[in-house]
Amino acid sequence: MASDTAVVWFRRDLRVHDNEALVEACEAGEVLPVVAFDPREYGERAFGGDDSFRFEKTGPYRARFRRESVADLRERLRDRGSDLVVRHGRPEEVVPAVAAAVDADVVHFQTLATPEERAVENAVRKRLREVGVTPSRHWTQTLYHLNDLPSPYTDISDTYTSFRKSVEGDATVRDPLPEPDLPRAPVGDVGAGPLPTASGLGVDEVEYDERAALAFEGGESSGLDRLDRYLWREDRLRKYKDTRNGLLGQGFSSKLSPWLNAGCLSPRYVHAAVDRYEHERVSNDSTYWLVFELLWRDFFQFQFAKHGADFFGQGGIRGRDDIDWRQDDAALERWAGGETGIPFVDAAMRELNATGYQSNRARQNAASFLANTLRIDWRKGAAYFETQLVDYDPASNYGNWAYIAGVGNDSRDRSFDIVNQANTYDGDGAYVKRWVPELSDVPAEAVHEPWELSDTEQAEYDVQVGVDYPEPMIDLRIAIGRFDS
């Protein structure tokens, strides 16, 4: 017999569609949805407990995106006859209190793979059991369900290609769940509560930058609209593999990651949309490639479930101690501020700082420069990205940084030849000129190496290297590991 009242604790699954926790809860007579803005997710944090390096846990772009996403979820629930309780407090305090106030029998919630999220979840489960409420966990963050993997997650391959071939050959993606009919939400017993303001969370308000690739507006509604625009209205998926390394504009890639990582979009829903696109329009390498990248996302989720906190050590899951990491706060600051004197890197970092977003190509080059060229502890770069990225996901972010640094799922040298990359992917210099306007008059053939300009050329192009734009902080010709990738 179904319980009379169930609570749904929304975490990084801020959606009504394909949400197992919500579907299972709706078997009860009453369902009360709740979101908790955990204060530990905001403000300054010592990395790994080391007070010598501190960073902001959540920056303004992701904070804005989450507030918009929660506001949209509340609106969508209200449109369906339900509601959403919002609190600013620790989930292990908020969720049991709400459950007790409505005499709930069970709390349904999403379970996550990474250590901090698991710790919060375990604290909530402990408190719920203490007050006689049953916790019910649901795996809803990945394309393939944890229980459907060909082998236990503890035994999956640490190599992406082996993992991909295994799941593609021996596992099946579940169909997305339909939206449930929502029963009454007893909000009156506890009060809906206001969304916290940006200042209340301790972050700055930010406006959308007109130079941004896309105005990333949080919420399930915006996520569904972005998917519809990219696949159907603009019909861009058919050329995705050819355009995915672009740097400017909104259409060169799907840009679904902010909504996927906040749970506003289900990866199974995206997969089903791609499947329908392949049946109704075209099936080719480009359509497969979007699923291929959803699999990369899955790979890191399952890797963190397998290895846990080992990913956050300086030597990564490989325990490498053969890399001489440098401590250079001034160099780290120049990298973070986009003042390295390497235009392609600076453009990437300035875009990140102004918008909370970078293309995949820009991210890889910025990360490689810090970790492989400067040899500064890769975790500091990953932590800076954690602050700034609108589409931050702990597994994808730290997993990819470890990968680039050679301490994760690939120990090969992943150093990038930055100038070669810039000339290949920004041949006309348009990306650099957008984000590094000091170089706007420099011709394309010289814009990626302005330090090579003669004094006469610098005068002609209205830029003095070392005055208007920094001299390069390192000679790339003799930098560590100059290889293209």
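**Entry 1: the second largest cavity**

I began with the second largest cavity of this predicted model, and I noted a volume of about 60 Å³ for it. I listed its lining as Arg-15, Asp-18, Asn-19, Glu-20, Trp-139, Thr-140, Gln-141, Thr-142, Leu-143, Tyr-144, His-145 and Arg-268. Sorted by class, I get three nonpolar, five polar and four charged residues around this cavity.

**Entry 2: the largest cavity**

Next I looked up the largest cavity, which has a volume of about 80 Å³. I found 13 residues in its lining, and Arg-64, Tyr-208, Ala-212, Leu-214 and Thr-355 lie nearest the centre. Helices came next: α2 and α13 (343-355) each supply at least two residues of this lining. My tally by class reads nine nonpolar, one polar and three charged residues for the largest cavity. How many cavities of 30 Å³ or more are there? I count four.

**Entry 3: the largest pocket**

Then I turned to the open spaces. The largest pocket has a volume of about 1,400 Å³. I see 49 residues lining it, with Glu-293, Trp-296, Asn-360, Gln-364 and Asn-400 nearest its centre. Which helix gives the most to this lining? My note says α11, with nine residues. I also wrote down the elements that each supply at least two lining residues: α5 (160-170), α9 (257-262), α11 (285-307), α14 (360-373) and α16 (394-405). By class, the lining of the largest pocket holds 22 nonpolar, 16 polar and eleven charged residues.

**Entry 4: the second largest pocket**

I put the volume of the second largest pocket at about 850 Å³. Its lining has 40 residues, and I marked Glu-41, Lys-57, Glu-116, Glu-117 and Tyr-392 as lying nearest the centre. Strands appear in this lining: β1 (5-10), β2 (30-37) and β3 (44-47) are among the elements that each supply at least two residues. The helices that do so include α2 (60-79), α4 (115-130) and α15 (378-388), and I was pleased to meet α9 and α16 here too. For the second largest pocket, my class count is 22 nonpolar, five polar and 13 charged residues.

**Entry 5: Pro-394**

I picked one residue to follow up, Pro-394, which sits in helix α16. Is Pro-394 buried or exposed? I have it as buried, because its relative accessibility is 5%, and the cut-off for buried is under 20%. Leaving aside neighbours within four places in sequence, I found Pro-394 in contact with Arg-12, Thr-114, Glu-117, Phe-304 and Gly-399. I also checked Pro-394 against Ala-383, eleven residues away along the chain, and their C-alpha atoms are 9.7 Å apart.

**Entry 6: the whole protein**

Last, I stepped back to the overall fold. I count 19 helices and seven strands. The C-alpha trace spans about 80 × 55 × 45 Å along its principal axes. What radius of gyration does the protein have? I get 23 Å, which agrees with the value near 23 Å for a compact globule of 485 residues. Of those 485 residues, 58% count as buried. I then looked at contacts between residues at least 6 apart in sequence, and 77% of them join residues at least 24 apart. To finish, I noted that the protein exposes about 19,500 Å², with carbon and sulfur atoms supplying 43% of it.

Terms used
Residues numbered from 1 in each chain as written. Predicted model: local features only at pLDDT ≥ 70, side-chain atom pairs only at ≥ 80, totals over all residues. Heavy atoms only, no water. 1 Å grid on protein atoms, 1.4 Å probe; cavity = no way out; pocket = protein on both sides within 12 Å on 5 of 7 lines; lining within 4 Å. Points joined across faces, edges and corners; volume = space filled by probe spheres on them. Helix = DSSP H or I, 4+ residues; strand = E, 2+ residues; numbered from the N terminus. Nonpolar A, V, L, I, M, F, W, Y, C, P; charged D, E, K, R; others polar. Rg over C-alpha atoms; globule rule 2.2 N^0.38 Å. Buried < 20%, exposed > 50% of the residue type's maximum accessible area, 1.4 Å probe, protein only. Contact = heavy atoms within 4.5 Å. Areas by Shrake-Rupley, 256 points an atom, 1.4 Å probe, with all protein chains shown as cover.
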